[in-house]
Structure formats: structure tokens, C-alpha cells
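Please open the model in your viewer and keep the selection panel at hand. The tour below goes from one selection to the next and says what is to be found at each stop.

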Amino acid sequence: MPVAEARLQVIAGGAVPQGPLTTDPWQFQTMCVDAFVASWRARGFSPVTIDNDIGLLERTLTALGRPAWEVTPEDIDRVVGDLAVKGRATSTRREYVQIFKGFHRFLQARKAAEIEAAFGVRLVCPVDEFNASRHVGDNSPALLPPPTPERVNEFFSFMKQRIATARKYGPAARDYAMFRTLYHAGLRSEEVSLLEKPDLHFTRGPFGKLHVRFGKGAHTSGPRPRWVPMLDGLDLVLR
């Protein structure tokens, strides 16, 4: 013990202070946007989606006119209200709110300590129940009644006749199979168009399953793959 104690030495401790790289709010926000975009790439977003969302985020931040951590509910009300006055669709107004909400959530998760240290602001999201757009707007196609079973049967009967009289069997049969997949599996048109032969797994489960590799996800979340059963004899059509 005496030998060990002789080797011990008291030194000044304490963590090394970690301050932000810059205290300029606009420069710091630009760095945060770059980090936010890098997280999209890490999650596998397509280049087209990234380009579109970058433009939307830049337009939203420009319209707000102040750093994201200083934005208030009144600022959100103002921007959304201006879009409504200009006649922009409900879906467009919702996209502005959602892209800002996603960016603000990223700041809370990754940059909250730096923002509070540099600018003295504790992050609180200004998007609330009063300025968040409803998912279903006045222009939603959900207001239209769905087709009757008789109308659906007429449509598929027409598609079958088209196969029998088409100059090329392949494209006509493909279209029929795609519409059947939309109807029986409940997929979106883009999800069906991205299916390939390896995505058809006829031996999975009692009916077979579709591997929807490019399933639609929530805003800014990227593709969400999922498995969908081949119901109502869909496996026979796809075989």
C-alpha cells in the first residue's frame, strides 16, 4: 500500500467544456440542417426525396424568418395562414408544418444542449393542436364514395376482355395483375409498380405473401418494408 500510495497523484479534474462551433444563429442553423439531411441519407432516403424535402425545409425556414429554436406558435400560425390566403392546398400547408416539426424534433434529440448553452433557449415545439393541419382536408378524395362491388366486377370483367383481345398478351396481363394486387392486397400504386418477381413468396403462410420493399412511410421516415398476404386467390393471378 505505501508503494501504491506513493505512485498516486492528485490532478485537477472536470470535464472539458463542449461549446458550439459557432454562436452565429444562422450559421449554426445551417449546420443543423446539414446534419438533419445527413440523417436522411443514413436512413436510406432516395436522392429525389432528399432533394424535394431540402427545398421544402428551406422554404419553410425562410418563411418563418427566424432560427428554428426561436419560432413561436404565432409564427407557425402566420406562415400557415399566409399559405391559406395564397390558395395553397391543405396538403401543402400540412407539408410545411410536418417538415418543420421533424426538423425541430431532430434539434431536440441532437442539438438541445448546444442550443441552450449558446443561445439560452430551451427547445419547446411550437406546433400544437391548434396549428397542426388535419391529415384529411376539405379536398381529400376520401369524400368520394368508394365504387360499388358491381362496379368493381364490371371493371375486372373489362380488364379480362382486354387481355383476350390485346395485341400483346404480356402488358395486358401485367396490368390486370397489378389492378388485382391493388384491390386484394390494399397496396398503393407506387408500391405495386416497384414489385419484382423475387418479392413474390408463394410458400410463406397459407396464402403466400408479398414483400413490399418500398412501402410508404410517415413523412421524412423513408421507405418502410412490410409483408402482405395474398388473399382472395391473388396468388393464382400472380403465378
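Start with the lining of the second largest pocket of this predicted model, to which α8, α9 and α10 each supply at least two residues. This pocket has a volume of about 450 Å³, and of the 16 residues that line it, the closest to its centre are Arg-174, Ala-177, Met-178, Leu-200 and Leu-238. The largest share of the lining, seven residues, comes from α8. If you colour the lining by class, you will find 11 nonpolar, two polar and three charged residues.

Next, select α8 itself, residues 169-185. Its 17 residues, at 1.5 Å a residue, should span 24 Å, and the end C-alpha atoms are 23 Å apart, which agrees. Which residues of α8 are buried? They are Ala-172, Ala-173, Asp-175, Tyr-176, Ala-177, Arg-180, Thr-181, His-184 and Ala-185. In an α-helix, residues three or four places apart point the same way, because there are 3.6 residues a turn. To see what the buried residues of α8 pack against, add α7 (149-165), α9 (189-193), β2 (209-212), β3 (226-229) and α10 (234-238) to the selection. Just after α8, stop at Gly-186, which takes a positive phi of about 70°.

From here, move to the strands, which form an open sheet of three with the order β1-β2-β3 and antiparallel pairing. β1 and β3 stand at the edges with a single partner strand each, so one side of each is left without a neighbour in the sheet. Strand β1, residues 200-201, is joined to β2 by two bridges, while four bridges join β2 to β3. Lys-209 is a useful residue to select in β2, since His-201 has Lys-209 as its bridge partner there, and the bridge partner of Lys-209 in β3 is Pro-229. In a regular strand the side chains alternate between the two faces of the sheet. With the side chains of β2 displayed, look for Leu-210 and Val-212 on its covered face, and for Lys-209 and His-211 on the uncovered one.

The following stops are enclosed spaces, for a search of the whole structure finds two cavities of 30 Å³ or more. About 50 Å³ of space lies in the largest cavity, and you can outline it by selecting Thr-60, Leu-64, Ile-76, Val-79, Val-80, Tyr-96, Val-97 and Phe-100. Three helices, α3 (47-64), α4 (73-85) and α5 (90-110), each supply at least two residues of this lining, which has seven nonpolar, one polar and no charged residues.

The second largest cavity has a volume of about 30 Å³, and Glu-191, Leu-194, Leu-195, Asp-199, His-211, Val-212, Arg-213 and Phe-214 line it. By class, the lining of this second largest cavity divides into four nonpolar, one polar and three charged residues.

Finally, clear the selection and view the whole protein chain, which has 10 helices and three strands. Followed from the N terminus, its elements run α-α-α-α-α-α-α-α-α-β-β-β-α. Of its 239 residues, 34% count as buried, and among contacts between residues at least 6 apart in sequence, 54% join residues at least 24 apart.

Conventions:
Residues are numbered from 1 along each chain as its sequence is written. This is a predicted model: local features need pLDDT of at least 70, side-chain atom pairs count only at pLDDT 80 or more; totals for chains, interfaces and linings use all residues. Side-chain values use heavy atoms; hydrogens and water are left out. The expected span of a helix is 1.5 Å times one less than its number of residues. Buried means under 20% relative accessible area, exposed over 50%, partly exposed in between (1.4 Å probe, protein chains only). Contact means heavy atoms within 4.5 Å. On a 1 Å grid over the protein atoms alone, a cavity is a set of points where a 1.4 Å probe fits but cannot get out, and a pocket is an open set with protein on both sides within 12 Å along at least five of seven lines; lining residues have an atom within 4 Å of a point. Grid points are joined across faces, edges and corners, and a volume is the space filled by probe spheres set on the points. Ala, Val, Leu, Ile, Met, Phe, Trp, Tyr, Cys and Pro count as nonpolar, Asp, Glu, Lys and Arg as charged, and the others, Gly among them, as polar. Two strands pair if DSSP finds at least two bridges between them.
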